[in-house]
Amino acid sequence: MTKNQLAIFSIGLLIKAIVCSLALYFSGNYLGLKWLNEPIFDFQLGQILRPIETESSNYAPGAVFFAPLVSIGSFILGEVPARVLVLANALLCDSLIYYILLRIVPVENRTATLSAYWFSPIMLWCLYRNGGLDYLYPVLPAAGFYFAKSQEYKKAAIFFGLAAAAMPLNVLLIPIFGLYFYGRGRRRHLTNQIMIICCITSLAASAAIAVQPALRILLYQGLTVAGPLSMSIKTSTQYEILLFPIFCFLLLFAAWRIQRLNFDLLLGLGTLAMTGFLVLLPWSLSLAVLAAPFLAAHAGKSLRSGMVLYVVFSFSVTILQILAALNFIDLVSVTPRVTASVAITTVLVSSTALFIQVARRSISRSYFFQATRRPIVVGIGGDSGAGKDTLASLITDLVGSSAVAHVSGDDYHLWDRHRPMWRALTHLDPRANDLARYESDVAKLVDRRYILAPHYDHSKGQMTKPFRVNPSEFVVASGLHALWSPSLNQIYDLKFFLDIDEDLRRFLKVRRDTSVRGHSVEAILASMDRRAEDRALYIEPQIQKADIILKLEPRVKGFLIRGYEASEPALRLIANIRSGVSVGELTQCLIAYCDIFALQNYNGSGDCELVVEGEPSAEDIGVAAANLAPELTDFLQGSPIWRPGLRGVMQLIVLTQIDRVRLERLGKS
């Protein structure tokens, strides 16, 4: 907490203490804590605390939450200390919301957000009018968002369930939270578990509350008579069109269509839900209190226009509630007085404007929303044994297997290994591969359609049963001819080519094909010699189409293979980057955090060349990545698998290129 934020908290706390003192002083008057002058709780020892007044049932969930301290204070100390403890509870909830906003709002927006919330007249009036019992409504979903950002998903599910129990309208947050998991491949496996926790928590808490008669009035009758369900459009017949179910459906449909949600989009959709409740029921203080901290977070990010709307909204809600307390407006029957109409219209207009602004700025203009409308498509070309599948697996280690749809060119060979056609053609010849289907399948995945990909079993040398590949956030197309097709090259966001040293390639291919694919050394070397001509014709020309060329070579020139059992020699990585992006920052991170040799050069054509030697640890690679691209957290899996050595350096190169694509989609490159 900075000095400014601490000052905001201290000044606001002083103001709230004054408000609490006034509330206690005027308790029992028409502007005081009305419910404190009525017998809300039965404080007799051994009996269950329960609301016994119909009017007091409006504060029932908060009353249950505040009951323990109130009952203890009343039984031991008397009525006045019990009232003080109620207000202390409210200030505790208020301070928790302040702390949560401090944690979930970006650093650059914190001061504005905290000022907007902490000095909100809505929260001050709620504290004065009903002792802050309504503070329970925002603190529960706020805690859910806090734990969601901290990736403590089970705790988040519990608090969202409790939020739905305290205010049944918050049940809309549960499916939105479910879509937060279902829409992201790396979190999809948690969807059922999280939904079960939310539902069980909500049902158990609702059952515990609903055993009280007055609470049943709040939870059920309040929903249908005084709640947003009462907002409807009358048709020419006796039927009415209910607006609340339509709003819920449209919001959930929008969340479903967005598909991939990060935390900012989750918070934006939650804010939309709460603001939508206010649009449907603009005279509800409880709904205004529920939405206030989340609208303050939006106002802090929106700067001047959002802050102006938030201030107008806050004061119009507060004035409306004060007029109601002075009996100038009847909010129960919503009498058609001019004063009431003006006040309610002001709240409705300001809340509607905020709803539209949240939809535009927190959803449609979200950087993650804009950057993920189309999957990031990566093409990886190179000769056999150059490391194409290795690079694909390194990308998978970064973003998670469930976030990658991988298409391997080896699966698109036209014939089994023992067919006579291979006597005339090699695998490097495009005519020996079903490149039309390969191109079509990649295009389908980019268009977010699943494919049934063929599969070539290298150990048996034959095609096996096709398997389903679902679209995901990353589409990785690797193969001998990944960069062969002009139409595919237009689809790719990143184009890699693995140009490995020939002696090293032979060494690695012999070692792989003997241990993994069961081939003999003689057969492997003979096959490579036979393919040399096709390599020059069909593979090497693809180098010109690549954006990034990765070349591995032995540090010591003239390295000779003495047998495939030999250990791998010390290597050097040379990355030729043609995307026009400088790797100066990457070079500095490699030197500073990985303590290895890294040199940046520019060749005669203006391409950037990075030469790297050394064996950094996986931990050093992770530290370098955190400093190199801190804004890519939403694109990576929760715990990326960083690889040691030059493979980790390749991961960092991939990371910088993904960041380049992200910035280009945002128009910032």
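**Core packing, a β-hairpin and selected residues**

In the predicted model, Leu-590 touches Asp-595, Ile-596, Ala-598, Leu-610, Val-612, Val-649 and Leu-652, with residues up to four places away in sequence not counted. A further core, set apart from the one described next, comprises 25 residues, among them Val-442, Ala-453, Val-475 and Ala-477. The largest nonpolar core holds 160 residues, of which Phe-177, Leu-550 and Leu-590 touch the most other members. Helix α13 (residues 285–325) supplies the largest share of this core, 17 residues.

Asp-595, one of the residues touched by Leu-590, is placed in the loop between α21 (584–594) and β11 (597–602). Asp-595 is exposed, because its relative accessibility of 69% is over 50%. The phi angle of Asp-595 is near 55°, a positive value in a residue other than glycine.

A second positive phi in a non-glycine residue, of about 65°, is found at Arg-448. Arg-448 lies in the loop between α17 (435–446) and β5. With a relative accessible area of 23%, Arg-448 is partly exposed.

Strand β5 (residues 451–457) pairs with strand β6 (residues 462–469) in the antiparallel sense, over 6 bridges. Within this pair, Asp-457 stands opposite Gln-462 of β6. The hairpin has 4 residues between its strands, and Gly-461 takes a positive phi near 70° there.

Glu-553 belongs to strand β9 (residues 548–554). The relative accessible area of Glu-553 is 6%, under the 20% limit, and the residue is therefore classed as buried. The side chain of Glu-553 forms a polar contact of 2.7 Å with the side chain of Arg-572. Apart from residues up to four places away in sequence, Glu-553 touches Asp-501, Leu-504, Ala-570, Leu-571, Arg-572 and Ile-574. Arg-572 thus appears both as the polar partner of Glu-553 and in its list of contacts.

Val-279 is located in helix α12 (residues 263–280). Its relative accessibility of 21% lies between the limits of 20% and 50%, so Val-279 counts as partly exposed. Beyond its neighbours within four places in sequence, Val-279 is in contact with Leu-348, Ser-351, Thr-352 and Phe-355. Val-279 and Ser-350 are separated by 71 residues in sequence, and their C-alpha atoms are 9.0 Å apart in space.

Terms used:
Residues are numbered from 1 along each chain as its sequence is written. This is a predicted model: local features need pLDDT of at least 70, side-chain atom pairs count only at pLDDT 80 or more; totals for chains, interfaces and linings use all residues. Side-chain values use heavy atoms; hydrogens and water are left out. Two strands pair if DSSP finds at least two bridges between them. Helices (H or I, at least four residues) and strands (E, at least two) are DSSP runs, numbered from the N terminus. A nonpolar core is a set of buried Ala, Val, Leu, Ile, Met, Phe, Trp, Tyr and Cys residues joined through side-chain atoms within 4.5 Å. Buried means under 20% relative accessible area, exposed over 50%, partly exposed in between (1.4 Å probe, protein chains only). Contact means heavy atoms within 4.5 Å. A polar contact is a pair of N or O atoms within 3.5 Å; within protein, one must be able to donate a hydrogen and the other to accept it, and residues adjacent in sequence count only if both atoms are side-chain atoms.
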